[in-house]
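Colleague: Please take a close look at the strands of chain A that lead towards chain B. Then follow them across to the partner chain.

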Amino acid sequence: MRFAPLLILLALLPGVSGAQSSQFGVRGLGFPGRGLGVRAAGSSGAFGLFDAESSLNPAALGAVPTLTSVFVVTQSFRHPENPAGTASVRDTRFPLLSVAGPVRLVAAFGISFSNYTSRDFTVVTEDTLDLRGVPVGVIDSFSSRGGLNDLRLAGAYRVHDHWTFGGGFHVITGSNRLQSRRVFSDPSFLSSTQKSEISYAGVGLSAGVIRQFGSRFGIAALVRTDGHVNVDLDSARVGSVDLPYTFGLGLRLQPAGQLELGVQTIVRTWSGANSDLLQQGGTGAKNTFEVAAGVQYTSDPKRPYRRPLRLGARYATLPFPLVLGEQGHELGVSLGTGMRFAQQRAGIDLSLEYLWRSEGVYSERAFLVSVGVSVRP
Amino acid sequence: MRRRYYALLAGLASLGCQEKLTAPADCPALCPGGSSEVFDEVISPIIGADSSFRGYVQPASAAALLVSNGLGGFETRAIMRFSRRSDTVTVRDTARTYTIDSVAFGLNLVARDTTLPGLKILLYRLPISIDTTTTYAAVDPAFVPGNLIRTIDVPDTLKRGAIRTVFSGAGLDSVLIPPADTGVLALGIRIDSPDTTGIRLGSSANGTGGVFFTYATLNVPDTGTAKLRTFSLAVPFNSFVTPPQPVPDTTLLVVGGEPSSRALLRFELPPHIRDSATIVRATLELTPVAPISGLRTDPARLQARAVTADLGAKSPVSATAGRSGLFPPPADTIEAGATTVNLEAVRLVETWLTPTPRPSALMLAFAPDIEAASFSRPVFYSTRAADPAVRPRLHISYLRAFPFENP
């Protein structure tokens, strides 16, 4: 009950920004998702490769104690800045849904549906054009809704309680519903609206391992290949885009019963998509890396899920530059907690993340509030 | 207590669910695909396939009657025949005679040159034989001082509305209906003015025609009382006549006149516009052969109507425009003396690009409420004009398909 005011505070915090959507997701395939559950997001993803409620590492499923379903909702508030101006924007997304459960104590299977990239934005420009010899003001808006989703079927197998191996099959699919609209200040000109839909389809494979050295130290590793996605414009094939290989490494240390430390790094070879995107007129793509460090403090080691305090920080580079040759990056800090109730059959996790993103003259502050609901029937 | 916190939390969370994604963009970095570019193209009608056709609306069917004292170079006179007035009235199954106390004529002034004072309307008795075949020459002999029954001074302040004149006493003699006319009265109308001008009067086709009132005293002996009665007679026929006009030049595009003319123009949109362009403006540009005639302060309204099937002069036209069919036909107001006409017709051109495309043609006509009822008689150059600069043309502004595939 002591945390209830904190929960309300988290819901009330307005103003600033942040989220799945971003002005840095305007180009390329959009802003990359992280596949994190709220429990891992509270410590900036430092424990993501160990977290069974995240969709990063299939080996992490081995830690699922019982059939568990997780639903995540993220409310973001962003404040993008660029030479054209500033704005305060917000959106609500559902970046992760997963169901997983153990099989005969040593194995686990799960299915998850998470955000791979998000391309939700509406950008507006104003200009004055010389039309028929007369200056006419125009307002252009370009909007996109949608993105790529990652449907993962995964399994994990534990060997002697020290090793856990996992594998996953990923279906990457999604669409962008695009709209370009122009409005003229001269009523003699009709406003114009053009719409299109770009759809994507691809498959990927992932493999992961977790090695537990005693009860206080563990290492997790991930490798993933996503092949490529075929790109269809209004049902006509216009090309394909190579998706990255992903390599991840995570460490978890529990120096004391109440304290848990984690660090994680993930590298994605997005530069494989560079030539495809340049060929389609885009600004290309660059490899990314992400490093996160976090801590989880539990007041009662016997009940680690009872209102733990999670803190973390992360730094990541972004794959799709706004300007050819540059690369954006983001820096974030996070805070989180959670609780279990109904005899631990249900739980709520909360995370609060503040992010700074920038690339040259383009910047963005983002504030994310994520709520994860888990149910163990 | 805990439930209340959760309820409050849920309520606050739902407040945050409103989406607002619009942000300013700095191009080209934040403008994938670039920005739309507006292209202009001038399209001429198919050479030799534009024509004028005459005879759509006859003067007797027009929504207004024209009267002028020489506007456009010739005089125009209105004629009207009222319904038959019975000699008796039936009261208690008995036909009763009556005594006329007074009569009145009501006219409806639709338009006049509001800048010109001293307008007079002259009423003449005409033979009751007038009908749709009556010509100017046939009734001209009746427009003589001997048949003039009233000169109405129209107040300069009256811009439009009812005009009424009453005959009583000795004045009744001029409107007596001889037995040979079987209760039917016909009138002719001219105008007089210090300057050349015209007026438009309401017509029976529009429900605003002249009215002939008779105020009578009805003698009913068996009741010992006298009853006052008013007989109101409408005009089953009204029209206007002009001296014979020269036949329009078939190499020109004529609109209006009486009977009315319309002009059919056919176009062929280039494939790159028809297939993938988004048209944002289409202006039909017409060059009159001479400054457009007409009545000052009473502009005409020129319409371009979509042709639903190209059958030449009898092509059916649509009463609406736009892809959705919810817009009125494109129209432009033509003031007297205009030397160019630019008619914004994008809603019409849209109908050429619908999934069930219509002929790329348009019918140029006056709006229905003034067709054959306007002093404007525009004559435009056609595609047969020797000078290409004066031929009709359609100036189209369009956007090409947006390059959405550029990420």
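Modeller: A term to begin with: two strands count as paired when DSSP finds at least two bridges between them. Bear in mind that this is a predicted model.

Start with β7 of chain A, residues 134-159. Strand β5(A), residues 107-118, pairs with β7(A) in the antiparallel sense. Eleven bridges hold that pairing. One of the pairs sets Ser114(A) against Asp150(A) in β7(A).

Strand β6(A), residues 121-131, also pairs with β7(A). This pairing is antiparallel, again with eleven bridges. Here Thr125(A) has Asp140(A) of β7(A) as its bridge partner. The two strands make a hairpin, with two residues between them. Arg132(A) sits in the turn and has a positive phi of about 55°.

Next comes strand β8(A), residues 163-184. It runs antiparallel to β7(A), and 22 bridges join the two. Gly146(A) is matched there with Asn176(A) in β8(A). This is a hairpin too, now with three residues between the strands. His160(A) lies in the turn, and its phi is positive, about 55°.

Now cross to chain B. Strand β6(A) pairs with β1(B) as well as with β7(A). The pairing across the chains is parallel and has three bridges. Val124(A) finds its bridge partner in Pro24(B) of β1(B). On the chain A side, the next residue, Thr125(A), is bridged to Asp140(A).

The wider interface comes next. Here 39 residues of chain B are in contact with 54 residues of chain A. On the chain B side, at least two residues each come from α1 (2-15), β1 (22-24), β2, β18 (278-286) and β24. Helix α1(B) gives the largest share, six residues. By type, that side has 24 nonpolar residues, seven polar and eight charged.

Another contact point is Gly281(A). It is in the loop between α3 (274-279) and β15 (288-297) of chain A. It touches Pro403(B) and Asn406(B), leaving aside residues up to four places away in sequence. Gly281(A) counts as partly exposed because it has 13 C-beta neighbours inside 10 Å. The buried class starts at 20, and the exposed class stops at 12. Gly28(A) is 253 residues away along the chain, yet its C-alpha atom is 9.8 Å from that of Gly281(A).

Behind the interface, chain B has its own sheet. Two of the strands named above, β2(B) and β24(B), belong to an open sheet of four. The order is β2-β24-β18-β21, and the pairing is antiparallel. The edges are β2 (38-43) and β21 (341-344), each pairing on one side only. From one strand to the next, the twist averages 20°. Six bridges join β2(B) to β24(B), residues 393-399, in the antiparallel sense. Within that pairing, Ile43(B) stands opposite Leu394(B).

Then the packing. The largest nonpolar core has 90 residues. Those with the most contacts inside it are Val67(B), Ala345(B), Leu362(B) and Leu364(B). Strand β22(B), residues 361-366, supplies six residues, the largest share of this core. Apart from it lies another core, of 35 residues. Its members include Ala285(A), Ala316(A), Leu322(A) and Ala25(B), which come from both chains.

Return to Leu364(B) for one close view. Beyond the residues up to four places away in sequence, it touches Leu253(B), Val255(B), Arg262(B), Ala263(B), Leu265(B), Leu302(B) and Ala304(B).

Last, chain B as a whole. It has four helices and 24 strands. Of its 407 residues, 38% count as buried. Its radius of gyration is 30 Å, whereas a compact globule of 407 residues would be near 22 Å. Along the principal axes, its C-alpha atoms fill a box of roughly 95 × 85 × 40 Å. Take the contacts between residues at least 6 apart in sequence: 82% of these join residues at least 24 apart.

To retrace the route: β7(A) pairs with β6(A), and β6(A) pairs with β1(B).

Definitions and conventions: Residues are numbered from 1 along each chain as its sequence is written. Chains are lettered from A and ligands numbered from 1 in the order in which they are written. This is a predicted model: local features need pLDDT of at least 70, side-chain atom pairs count only at pLDDT 80 or more; totals for chains, interfaces and linings use all residues. The radius of gyration is taken over C-alpha atoms; the globule rule is 2.2 Å times the number of residues to the power 0.38. Two residues are in contact if their C-beta atoms, placed from the backbone, lie within 7 Å. A nonpolar core is a set of buried Ala, Val, Leu, Ile, Met, Phe, Trp, Tyr and Cys residues joined through C-beta atoms within 7 Å. Axes are lines fitted to C-alpha atoms, for helices over the stretch in contact, and angles run from 0 to 180 degrees between N-to-C directions. Ala, Val, Leu, Ile, Met, Phe, Trp, Tyr, Cys and Pro count as nonpolar, Asp, Glu, Lys and Arg as charged, and the others, Gly among them, as polar.
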